[in-house]
Amino acid sequence: MSPRKPPKTPNSPSDKFEGRRSGKFRGDGPRQGRNRDDHARGSETKLPPELSGHAGGGSGSYWIFGHHAVEEALKNPKRRIHRLIAAGDAAAALGRGTQLPAVETVERDVIDKLVGRDVVHQGIAARVSPLPETDIYEICDLGRAREQVCVVVLDQVTDPHNVGAILRSAAAFGAIAVILTERHAAPESGILAKSASGALEHVPLVRVTNLARAMEELKAAGFWCIGLAAEAKQTLSSVKSGGRVAMCLGAEGAGLRRLTRENCDLLVRLPTAGPIDHLNVSNAAAISLYELAR
């Protein structure tokens, strides 16, 4: 792929600085939108007798669960752990190379009540604070320092299971970040962390208020923005997309929004040919990341 002249950047260093300070490029407001994690969040407010009184960690904290998610959180120096609870000997497998906080032994149904009976928690859960936010400019700086690098851009993908699975694929294929909108996107949560199977601790979720502006920042850092769209004429495999790539995917059904499409350097499709020609967004992300990495 031939080099492209980067787009116009802010008029002066002070303009960009003011944009950062004011939150013009990165949102500082509350995250909105409901998803399938709401049931688990709601169950946290009714603590069982064994854990009554104080959940720990403050109102912004939440429970993560499952061996991989909890183990990777314990290894992450950036992750603040408030409590660690386990049923039976479920915590025994976490000791490998991990400095464990005090483990509170509880009955399995206690964890059911905390995180929801319909989730697979494997008898272990930890109360944690959200990870520190990563700025879009940090990702741009990381990109500038590498000749071959990839990020994933998600346009209003709200299902935490999908975002978690995309994080897992991003970690597997070496993407350095998953960028998503501040509003109408899955929040950091227990279900997202479980679906990511530990990848949430390794690949930052970068939230932006204006996705089009974030894409312009990526372009200024030398990224090519490639959008996945079913109606595109080119397939992803036909594009020589080495260098810095931002792989853009939209929500199932709606796909990429108009402004997001317009800000892509090119649109590509996956060469599906069966009776069902569309894929789950997390599956599409995994195939796209594999194609970019091979």
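The following exercises, each with a worked solution, concern the sheets and helices of a predicted model.

Residues are numbered from 1 along each chain as its sequence is written. Because the model is predicted, local features need pLDDT of at least 70 and side-chain atom pairs count only at pLDDT 80 or more, while totals for chains, interfaces and linings use all residues; side-chain values use heavy atoms, with hydrogens and water left out.

**Exercise 1. The sheet of 4 strands**

Determine the strand order of the open sheet of 4 strands, and state which helices lie on this sheet.

Solution.

Step 1. Helices (H or I, at least four residues) and strands (E, at least two) are DSSP runs, numbered from the N terminus. Two strands pair if DSSP finds at least two bridges between them.

Step 2. The order is β1-β4-β2-β3, with mixed pairing. At the edges stand β1 (62–65) and β3 (103–106), each of which pairs on one side only.

Step 3. Direction ignored, neighbouring strands of this sheet are turned by 25 degrees against each other on average. For angles, axes are lines fitted to C-alpha atoms, for helices over the stretch in contact, and angles run from 0 to 180 degrees between N-to-C directions.

Step 4. Between β2 (residues 81–87) and β4 (residues 124–128) the pairing is antiparallel, over 5 bridges. Within this pair, R83 stands opposite R127 of β4.

Step 5. Helix α3 (residues 67–75) packs on the sheet and touches β1, β2 and β4, its direction making about 115 degrees with that of β1. Contact means heavy atoms within 4.5 Å.

Step 6. Helix α4 (residues 108–115) lies across β1, β2, β3 and β4 and runs at about 135 degrees to β2. Its buried residues are V110, I111, D112, L114 and V115. Buried means under 20% relative accessible area, exposed over 50%, and partly exposed in between (1.4 Å probe, protein chains only). Just after α4, G116 takes a positive phi of about 110 degrees.

**Exercise 2. The sheet of 7 strands**

Describe the open sheet of 7 strands and the surroundings of its strand β5.

Solution.

Step 1. The strand order is β7-β6-β5-β10-β8-β11-β9, and the pairing is parallel. The edge strands, each pairing on one side only, are β7 (205–208) and β9 (234–235).

Step 2. Strand β5 (residues 149–155) runs parallel to β10 (residues 244–250), and 7 bridges join them. Its pairing with β6 (residues 178–181) is also parallel, over 3 bridges; here V152 stands opposite V178. Further along the sheet, 4 bridges join β8 (residues 224–228) to β10 in parallel, and I226 has M247 of β10 as its bridge partner.

Step 3. In a regular strand the side chains alternate between the two faces of the sheet. In β5, V149, V151, V153 and D155 are on one side and C150, V152 and L154 on the other, and all are buried. Thus 7 of the 7 residues of β5 are buried.

Step 4. L154, in strand β5, has a relative accessible area of 0% and stands opposite L249 in β10. Not counting residues up to four places away in sequence, L154 touches V163, I166, V178, I179, L180, T181, L211 and L249. The C-alpha atoms of L154 and T260, 106 residues apart along the chain, are separated by 10.0 Å.

**Exercise 3. Two helix pairs**

Classify the packing of α5 with α8 and of α6 with α10.

Solution.

Step 1. Helix α5 (residues 136–144) and helix α8 (residues 211–220) pack at about 25 degrees, with axes 9 Å apart. Angles under 35 degrees count as roughly parallel, over 145 as roughly antiparallel, 65 to 115 as roughly perpendicular and the rest as oblique. Therefore α5 and α8 are roughly parallel to each other.

Step 2. The contact involves I136, Y137, C140 and R144 of α5, together with A214, E217, L218 and A220 of α8. These residues divide into 6 nonpolar, no polar and 2 charged. Ala, Val, Leu, Ile, Met, Phe, Trp, Tyr, Cys and Pro count as nonpolar, Asp, Glu, Lys and Arg as charged, and the others, Gly among them, as polar.

Step 3. The axes of helix α6 (residues 160–172) and helix α10 (residues 281–293) come within 8 Å and cross at roughly 10 degrees, which makes α6 roughly parallel to α10.

Step 4. N162, A165, I166, S169 and A170 of α6 meet V281, S282, A285, A286 and L289 of α10. By class, this contact has 7 nonpolar, 3 polar and no charged residues.
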